[in-house]
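I opened this entry to record how the strands and helices of one chain are arranged and where that chain touches its partner. The notes follow the order in which I looked things up.

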Amino acid sequence: MLITPDVEKPVTPAPPHPRRRRRLGGGETVTGWTLVSPAVILIGIFGLLPVLMSLQLSFQHSDLLTPETPWVGFDNYRKMADDPVFLEAIKHTIVYTALFVPGTMLVGLLVAAALNRSVRFISLYRTAAYITMAVSTISQGIIFLWLTDRDYGLVNAALNAIGAPSQPFLASPSQAMYVIVAMTIWGWTGFSVIVYLAALQGVPAELHEAAAIDGAKPFTRFRTITVPLLGPANLFLLVWLTINALQLFDEVYATTRGGPLRATTVIVYYLWDQAFVHFDAGYAAAMAYALFVVILVITGVQFRLTRRFGGTS
Amino acid sequence: MIRRRLCIALLAVLALVLAACGGGGSSSGPTEIAVWHGYQDTEGEVFKKLIAQYNQDHPDVKVNELYSSNDLVLQKVLTAVRGGSAPDVAYMFGSWSPNIAQIPQVVDMAEYVSEPDWQWDDFYPAEREAATVGEKIVGVPALVDNLAIVYNKQLFAEAGVAPPSPDWTWADFRAAAAKLTDPAKGQYGWLIPADGSEDTVWHYLPMLWEAGGDILSPDNSTAVFNSEAGVEALTVLQQMAVTDKSLYLDTTNENGPKLMNSGKVAMLVTGPWDLSQLPDIDYDVQVMPTFAGSPGGHQTIAGPDNWVMFDNGDAKKQAAVDFVKWLSAPEQVKTFSLGTGDLPIRQSVGNDQAVLDTLNENVPGTATFVENLNNVEKVRPTVEQYPDISDALGQAIVAVMLGKEQPADALNKAAQAADAALAEK
């Protein structure tokens, strides 16, 4: 399938090496290709080829069972426009992305700012901030299921202790999506903390000292010096988190299975459901490609906007 | 020159990759067949012992077993079939039969099982129906279970409620559940899986049948679950979930046995597989209640699963068929059932009082489940659109239980969706 929901969370990319000017000689070309060929071939077979095959699949009718896969042109793509559940899934995906991406960036920035200092046990705190990334999605889902359980959950016990009524959370069509947003922000905060922490440490101390001598208060210094210098980190997180948010699957599968009443059915969950529960693989592939185009466009726009307004990089 | 050297280098790497992917290959010696199954723990051990015994008694055949999670086996088998490396035998859920029937490599067992030494009629009727799609028989029964009430005796005694009896109507069931519900203790009378999947749907279906309704018309052309009977059955769920709040809606489908075992839920409608997860409570098992005045009587739903065979050439096909025939013969059925506590898949074994006594001694309540197999009167329709029908019905049931919709409206809407799906193919 085009989209692998279980994308590995990468570390911050290293700054690009200065481009090598000297052209490689002929012998070195062969050696170079030979060295990279295992990776290239493997990526070709297991990465590129399936991507192209699913493009083909999106123009066919396939139930995965029978060998006949008749060509149906753009039928699968047209079907999307008339599918109320798919339109609902788009809405849910947008709501989720609009809450998850800024939420994760904001929480991550605040935590990173708090951790960007030298106090005792700082490594311990930093590890604690990152450790949520090491929790598998399924375990995370089960933990939150029980934490937010309507009758036996800790969250409701805490609410009751301060006199507030119990909430159904994941069992309620109107609340489930917000619980998933909160859960995934919790899970991804460690990632944005690492990125922001690296960026914060790249902010020259002299600038802060100079501003302090000029009488700038800590908050003013943070706003006028630190934040503008975080441009590249912001762009990276914005793009990366958006791509991941649009591909939300594991967390939904582990907690609500798209429910209650499809309230958490997002695009990738729905296409999985169409392919492997309803045996409509062609339609699922078409949805995956539609999502691919959307991600491509959004990422392009984000790059462009950030280059124009994002300041300093 | 450089090009050619590059090509050779690439080819060498490709050859290495392919060699790593390949392996195996045909040679003389015993015919090897691959059996994919989802047995773990006790079931896994008993199953492996049976295979070892078969391999010892049949030196010309080597059965290789491979564990594969039941929930995911269809996806894996589909991939394997496409890749030309299908297993010879795979354990498949009975609800997949209509879809499996379309895979060309699946062996049609109709001509085999008509031979008298298969004793095909000895399998329970629900098992045979779940393996039959039109003229084809796509598999041989591997497992059967059914739903009944499992209840916590202590909670009933504490609440002063008489335990479930075979005379219970759904009104009695509802009244008891209400008395067994105590919000202060976080205790509920009943729990139902409520994710809207087939797990939700198959809890509703016996109620629908008992009320005198059915899922589809006899020719499988239209949905008829939005009948008066369908509304009556769904209204019980509505009253318990919305009015009485005696029904815990388990949106995860995972909490049932855990909450039951910790005494938070007084009754579960479930199958024999959950009994081993209730070590901390004193439970008993009773058949499902009836609807007063309905001719439906006691019913339940069976979830029979099958061994499905794939054609990988005549020799392997014959070896696979022979193995499954041996595996599902009364003697092996008895061994497996006694070893694992699973219900016997053959009537001759299920009616054997000595087997029942031993089963019940090992896991109390199992005998009731075996006897309850006789209450299986109907099965889910074996049509390839069943996943769509189940989906529509599941959403309707959940909408009603969450108090979002009225039973008649919800069922009518679901019936429309089901009709559309049925008309499509």
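**Entry 1: the sheet around β7.** I looked first at an open sheet in chain B of this predicted model. I read its five strands in the order β9-β8-β10-β7-β11, and I noted that the pairing is mixed. At the edges I found β9 (247-250) and β11 (283-286) of chain B; each has a single partner strand, so one side of each lacks a neighbour in the sheet. For the twist I noted an average turn of 25 degrees between neighbouring strands of this sheet, direction ignored.

I then followed one pair inside this sheet. Strand β7 (residues 148-152) of chain B runs antiparallel to strand β10 (residues 265-270) of chain B, and I recorded four bridges between them. As one point of register, I noted that B:T270 in β10(B) lies opposite B:A148.

**Entry 2: the sheet around β1.** I turned to another open sheet of chain B, which has five strands in the order β2-β1-β3-β12-β6 and mixed pairing. Which strands stand at the edges here? I found β2 and β6 (140-143) of chain B in these positions; each has a single partner strand, so one side of each is left without a neighbour in the sheet. Neighbouring strands of this sheet are turned by 30 degrees against each other on average, direction ignored.

I next checked the partners of β1(B). Strand β1 (residues 31-37) of chain B runs parallel to strand β2 (residues 61-67) of chain B, and seven bridges join the two. In this pair I located B:H37, whose bridge partner in β2(B) is B:Y67. β1(B) also runs parallel to strand β3 (residues 89-93) of chain B, joined to it by two bridges. There I found B:V89 of β3(B) opposite B:V35.

**Entry 3: helices on this sheet.** I asked how β1(B) and β2(B) are connected, and I found that they form a right-handed β-α-β unit with helix α2 (residues 41-57) of chain B. The helix α2(B) lies across β1 and β2 of chain B, and I noted an angle of about 165 degrees to β2(B). Helix α3(B) lies across β1 and β3 of chain B, at about 140 degrees to β3(B).

**Entry 4: α18 and its helix partners.** I took the pair with α17 first. Helix α17 (residues 386-401) and helix α18 (residues 407-424), both of chain B, have axes that come within 9 Å and cross at roughly 165 degrees. An angle over 145 degrees counts as roughly antiparallel, and I therefore entered α17(B) and α18(B) as roughly antiparallel to each other. The crossing of α17(B) past α18(B) is right-handed. In the contact I listed residues of α17(B) including B:I389, B:A392, B:L393 and B:A396, and residues of α18(B) including B:A410, B:L411, B:A414 and B:A417. I noted the make-up of this contact as 13 nonpolar, one polar and two charged residues.

I then looked at helix α10 (residues 228-243) of chain B, which packs on α18(B) at an angle of about 125 degrees with the axes 9 Å apart. I entered α10(B) and α18(B) as oblique to each other because of this angle. Their crossing is right-handed. From α10(B), the residues B:G230, B:V231, B:L234, B:T235 and B:Q238 meet B:P407, B:A408 and B:L411 in α18(B). I noted five nonpolar, three polar and no charged residues in this contact. B:P407 and B:L411 also appear in my list for the contact with α17(B).

**Entry 5: the side towards chain A.** I closed with the contact between the chains, where 28 residues of chain B meet 27 residues of chain A. On chain B, α1 (2-21), α3 (73-82) and α17 each supply at least two residues of this side. Which of the elements gives the most to it? I found α1(B), with eight residues. The residues of this side of chain B divide into 15 nonpolar, nine polar and four charged.

Definitions and conventions: Residues are numbered from 1 along each chain as its sequence is written. Chains are lettered from A and ligands numbered from 1 in the order in which they are written. This is a predicted model: local features need pLDDT of at least 70, side-chain atom pairs count only at pLDDT 80 or more; totals for chains, interfaces and linings use all residues. Two strands pair if DSSP finds at least two bridges between them. Axes are lines fitted to C-alpha atoms, for helices over the stretch in contact, and angles run from 0 to 180 degrees between N-to-C directions. Angles under 35 degrees count as roughly parallel, over 145 as roughly antiparallel, 65 to 115 as roughly perpendicular and the rest as oblique. A crossing is left-handed if the near helix is turned anticlockwise from the far one by less than a right angle, and right-handed if clockwise. Two residues are in contact if their C-beta atoms, placed from the backbone, lie within 7 Å. Ala, Val, Leu, Ile, Met, Phe, Trp, Tyr, Cys and Pro count as nonpolar, Asp, Glu, Lys and Arg as charged, and the others, Gly among them, as polar. A crossover is right-handed if, with the strands pointing away from the viewer, the path from the first strand over the helix to the second runs clockwise.
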